[in-house]
Amino acid sequence: MGVKLKRLNKYSTLNLRRNTKLANSKRTILLVEADNLVRTYVAIVLESEGYKVLEAVDIEEAMNHVRKYGISIDLIITNVIIPGGRGKDLIKRVQEKHPNVKALYTTGRDDESLLHYGIPEEEKNLLKKPFEPKVLLEKVKEILYNGGNK
């Protein structure tokens, strides 16, 4: 008696990719980034993988999205420093009402200045700019699906 293994072909691979996009389509990400070019780039990368992306340029706009969408936001991607304050403060405010929201910080700053803004050097949910689309997507998936830090 033998074991039959289903052979994967290009159509099976396409189905696996489509299923991943379907799973991602149930995830909402709030993207807070003042730089229009960076914000657009990140949004396009995330949307290409099926994520719903809400965009904000500052804390005020981000909080408007939180008031409107609240519990449906799964992840906030925010720069360490954003117009109106610090990304860490935004996350704290949101998690007071929605404790399951996860965070991913982005920065172009060096490690020493991060401490000044409340981000410890060992922060696991931190991406240094510039980053490749693959790195961004891997980090997002790690946080959303593998229980990354809040």
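Leaving aside its neighbours within four places in sequence, with which residues is Thr78 in contact? In this predicted model, the contacts of Thr78 are Val32, Gly87, Leu90, Ile91, Leu104, Tyr105 and Thr106. The report returns to this residue after a description of the fold.

**Overall architecture**

The protein contains six helices and seven strands. Followed along the sequence, these elements give the pattern α-β-α-β-α-β-β-β-α-β-α-β-α. Of the 150 residues in the protein, 40% are buried. Among contacts between residues at least 6 apart in sequence, 65% join residues at least 24 apart.

**The sheet**

Strands of a sheet pair through backbone hydrogen bonds, in either a parallel or an antiparallel manner. Here, five strands form an open sheet in the order S2-S1-S3-S6-S7, and their pairing is parallel. S2 and strand S7 (126-128) stand at the edges; each has a single partner strand, so one side of each is left without a neighbour in the sheet. On average, neighbouring strands of this sheet are turned by 20 degrees against each other, direction ignored.

One pairing may be followed in detail. Strand S1 (residues 28-32) runs parallel to strand S2 (residues 52-56), and five bridges link the two. Within this pair, Leu30 stands opposite Leu54 in S2, and Val32 stands opposite Ala56 in S2.

**Helices on the sheet**

H2 packs on the sheet and touches S1, S2 and strand S3 (73-79), and its direction makes about 170 degrees with that of S2. Together, S1, H2 and S2 make a right-handed β-α-β unit. Helix H3 (residues 59-69) also lies across S1, S2 and S3, where its direction is at about 140 degrees to S2.

**The contact of H2 with H6**

Two packed helices are described by the angle between their axes and by the distance between those axes. For helix H2 (residues 36-48) and helix H6 (residues 133-145), the axes come within 10 Å and cross at roughly 65 degrees. The crossing in which H2 passes H6 is right-handed. On the H2 side, Tyr41, Val42, Val45 and Leu46 take part, and they meet Pro133, Leu136, Leu137 and Val140 in H6. Sorted by class, this contact has eight nonpolar residues, with no polar and no charged ones.

**Two threonines in the sheet**

The discussion now returns to Thr78, which is placed in strand S3, and adds Thr106, which lies in strand S6 (residues 102-107). The table sets out their accessibility.

| Residue | Strand | Relative accessibility |
|---|---|---|
| Thr78 | S3 | 0% |
| Thr106 | S6 | 4% |

Are these residues buried or exposed? A residue counts as buried when its relative accessible area is under 20%. Thr78 has a relative accessible area of 0% and is therefore buried. Thr106, at 4% relative accessibility, also counts as buried.

Not counting residues up to four places away in sequence, Thr106 touches Glu33, Ile77, Thr78, Asn79, Val80, Leu126, Leu127, Lys129 and Phe131. Thr78 is among these partners, just as Thr106 is among the contacts of Thr78. The two threonines thus touch each other across S3 and S6, strands that stand next to each other in the order of the sheet.

Methods
Residues numbered from 1 in each chain as written. Predicted model: local features only at pLDDT ≥ 70, side-chain atom pairs only at ≥ 80, totals over all residues. Heavy atoms only, no water. Axes fitted to C-alpha atoms, helices over the stretch in contact; angles between N-to-C directions. Left-handed = near helix turned anticlockwise from the far one by under 90°. Contact = heavy atoms within 4.5 Å. Nonpolar A, V, L, I, M, F, W, Y, C, P; charged D, E, K, R; others polar. Buried < 20%, exposed > 50% of the residue type's maximum accessible area, 1.4 Å probe, protein only. Pairing = 2+ DSSP bridges. Right-handed = clockwise from strand over helix to strand, strands pointing away.
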